[in-house]
Every structure is written in structure tokens, then in C-alpha cells.
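Morning, everyone. I have one structure for you today. Let's put it on the screen.

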Amino acid sequence: MCIEGNEVTYTQIDSCYESDKDLHDSLTKIISAPESTQNQQMLYAKWIDSPLGEMLILTDDTALHLLEFTGRRGLYTEITKLKEKYKYAIVPGENVITTSIQEELKSYFDSTLTLFSTQVKFYGSVFQHSVLHTLQTIPYGETRSYKEQAKILHKPTAVRAIARANGQNQLAIIIPCHRVIGANGHLTGYVGGLLRKKWLLEHEARNITNI
């Protein structure tokens, strides 16, 4: 994941963890009540279990800002950027947005939901926003190649840039970057791990006729 400013430092930090537990412990240290929240916007953090492992939810009172597997490469970087670049105070807690996404995730994993409606917050450039909006148009149970995604965006030579923007998606599952595959049909490029990507695609393909 590319982060403006301290890109190398944060990437090195992300790569030093030996286990998901190490990362969880480090995230817990930066997700805690600050000494003062004066003039700071708040994000509320909650850890939840899923069939694919632990996930982290970050919300404010209007939108979901982050939904990630805690084993995701670059997660420490994402949290640090929210705190340092966007000046959020990130504290343990939950609200109506947390409840909404938990209920929708449960329905998704129970094979009774194909489209998420929880309000979300996008970060990044106008180009990154366009890529994320394009991901939202990939139907449940279907896949699209990076090349096809580039054609839809009318940027046929921007396949690599689009792939990077996909990788910067910090709303796992609900912005379905797992539905993007290589032009040869191979699974590639999922920072949550290819085993999770395979599981999600098989889950959707298996249930598409039942929903």
C-alpha cells in the first residue's frame, strides 16, 4: 500500500510483524483514548469475528470509514494515516453505523444479502474514488478483470494505476475488490490474502442462484 509522506517507514513497520497477534497488539496501542479529544473528530473502533478471521471496524456517527481483516498487509499504515494525516482520534466504541455493518456482514456471510447499504466514506484522489465506485458496479457472484475495469473507466492504459487504487480500498467485502481478477482468470492482487479472495468468490458463486 502506498502512503504519502512516511511511505517507506510505515511499509517497513507493516512488514515486521511476525503474526496477526503482533499486529493486533500494536493496533490496540494506537486505538485508545487520547489524552485530549479537543477539536478532534472521533472514529470508533470495534473488533469483530468473521468466518475469514478477525476484522476491524472504524466508524463515525455518519459513515463507515474502514472495514479490514486484521491480518491485512498495510493495516497499521491505514490506521496511522487516519490519525496523523486526517487528525482523527480513534477510540474503542460503537454506534449505529457499527451496528448496521455488523448486521449486513452477518447477512452476507449467511448468504441472504448481496448488496450493502451502510453509508461509507471514501479517501484518496478523484481517480481513486472513480475506481472504488466502479468496483461497486460489479454484480454479486461475478468477476471483472483489471483490463475490463480500465475500459469502463475509459482509461485503457491505466491498468496498473487501477490495480493500485483497488489495493488502497479500505472497505473489504462491501467495496468488492475481491471480484477483480487477472485477464487470464487467475486470482491475483488481493491484499487480504488470496485464500480469502478465493473463499469470497466461491461463497458468492455458490449462493447466487439461491438469493
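Start with burial. The chain has 211 residues, and 47% of them are buried. Keep in mind that this is a predicted model. The accessible surface of the chain is about 10,900 Å². Carbon and sulfur atoms account for 51% of that surface.

Now the fold. The chain carries eight helices and six strands. Walk along the sequence and you read α-α-β-β-β-α-β-α-α-β-α-α-β-α.

How far apart in sequence are the residues that touch? Take contacts between residues at least 6 apart in sequence: 63% of them join residues at least 24 apart.

On to the inside. In soluble globular proteins, nonpolar side chains tend to be buried together. Here, the largest nonpolar core holds 30 residues. Which residues have the most contacts inside it? Those are Leu64, Ile173 and Ile174.

Several elements feed this core. β2 (55–59), β3 (64–69), α4 (96–109) and α5 (126–135) each put in at least two residues. The top contributor is α4, with five.

Let's look at Leu64. Leave out residues up to four places away in sequence. Leu64 still touches Ile57, Leu58 and Thr59, then Ile97 and Ile101. Its contacts also include the run Thr118, Gln119, Val120 and Lys121. Leu171 and Ile174 complete the list for Leu64.

There is also a second core, separate from the one around Leu64. This second core has 15 residues. Among them are Ile31, Leu75, Leu82 and Tyr123.

That's the tour. Questions, please.

Conventions
Residues numbered from 1 in each chain as written. Predicted model: local features only at pLDDT ≥ 70, side-chain atom pairs only at ≥ 80, totals over all residues. Heavy atoms only, no water. Core = buried A, V, L, I, M, F, W, Y, C linked by side-chain atoms within 4.5 Å. Buried < 20%, exposed > 50% of the residue type's maximum accessible area, 1.4 Å probe, protein only. Helix = DSSP H or I, 4+ residues; strand = E, 2+ residues; numbered from the N terminus. Contact = heavy atoms within 4.5 Å. Areas by Shrake-Rupley, 256 points an atom, 1.4 Å probe, with all protein chains shown as cover.
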